[in-house]
Amino acid sequence: MTHEEHHAAKTLGIGKAIAVLTSGGDAQGMNAAVRAVVRVGIFTGARVFFVHEGYQGLVDGGDHIREATWESVSMMLQLLSPLKIGQKFNMQCLGKALPRYW
């Protein structure tokens with residue numbers, strides 16, 4: 001990667017935001033995937049947010065949505081259980097949340 005390409009990659013996310021939520025259940029590799037999304041998002045200049053309580057948290061907003069930092073995912077791979085940012089899938093909640101953001 002050239003210096004110019006590296007600089008361009010670091011600015012791709014400027015002015016953008018990413019919400020990270022999971023559907024709840026245990027899944028191998030989920031912590032690594034969440035950590036990667038957060039770190040790449042931050043690296044590219046995007047703001048990254050955790051949505052706690054899954055789709056219901058997306059609907060309720062407020063304290064359920066918190067900004068992620070590089071440090072907030074630094075020990076994720078050592079955790080034995082997945083990061084608690086999800087809940088069981090709830091289609092009714094998803095239907096209420098999506099129109100607000102699109």
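## A polar contact at His 52

The side chains of His 52 and Arg 66 are joined by a polar contact of 3.4 Å in this predicted model. His 52 sits in the loop between strand S2 (47–51) and helix H3 (54–60). With a relative accessible area of 17%, His 52 is buried, because the cut-off for that class is under 20%.

## Fold and overall surface

The chain contains four helices and three strands. Read from the N terminus, these elements follow the order α-β-α-β-α-β-α. Among contacts in the chain with a separation of 6 or more, 72% are between residues 24 or more positions apart.

Of the 102 residues in the chain, 30% are buried. The accessible surface of the chain amounts to about 6,900 Å², and carbon and sulfur atoms account for 59% of that area.

## The nonpolar core

Eight residues form the largest nonpolar core: Val 20, Val 34, Val 38, Val 48, Phe 50, Ala 68, Val 73 and Met 76. Helix H2 (30–43) and strand S2 are the elements that give two or more residues to this core. In soluble globular proteins, nonpolar side chains tend to be buried together.

## The salt bridge between S2 and S3

Which side chains meet in a salt bridge? The structure holds one such pair, formed by the side chains of Glu 67 and Arg 47, with an N to O distance of 2.9 Å. Glu 67 belongs to strand S3 (residues 65–67) and Arg 47 to strand S2, so the salt bridge ties together parts that are 20 residues apart in sequence.

Both partners fall in the partly exposed class. Glu 67 has a relative accessibility of 41%, and the relative accessible area of Arg 47 is 47%. Neither residue counts as buried, because that class requires a value under 20%, and neither counts as exposed, which requires a value over 50%.

## Confidence of the model

The mean pLDDT of the chain is 78, and 72% of the residues score at least 70. Confidence is highest in strand S2, at 94. This strand also takes part in the features described above: S2 gives two or more residues to the largest nonpolar core, and S2 holds Arg 47 of the salt bridge.

Confidence in the chain is lowest in helix H4 (residues 91–101), where the mean is 51. Where pLDDT is low, the predicted coordinates should not be read in detail.

Technical notes
Residues are numbered from 1 along each chain as its sequence is written. This is a predicted model: local features need pLDDT of at least 70, side-chain atom pairs count only at pLDDT 80 or more; totals for chains, interfaces and linings use all residues. Side-chain values use heavy atoms; hydrogens and water are left out. Buried means under 20% relative accessible area, exposed over 50%, partly exposed in between (1.4 Å probe, protein chains only). A polar contact is a pair of N or O atoms within 3.5 Å; within protein, one must be able to donate a hydrogen and the other to accept it, and residues adjacent in sequence count only if both atoms are side-chain atoms. Contact means heavy atoms within 4.5 Å. Accessible areas come from the Shrake-Rupley method with a 1.4 Å probe; for residues, only the protein chains shown count as cover. A nonpolar core is a set of buried Ala, Val, Leu, Ile, Met, Phe, Trp, Tyr and Cys residues joined through side-chain atoms within 4.5 Å. A salt bridge is a side-chain nitrogen of Lys or Arg within 4 Å of a carboxyl oxygen of Asp or Glu. pLDDT is the predictor's confidence in each residue, from 0 to 100.
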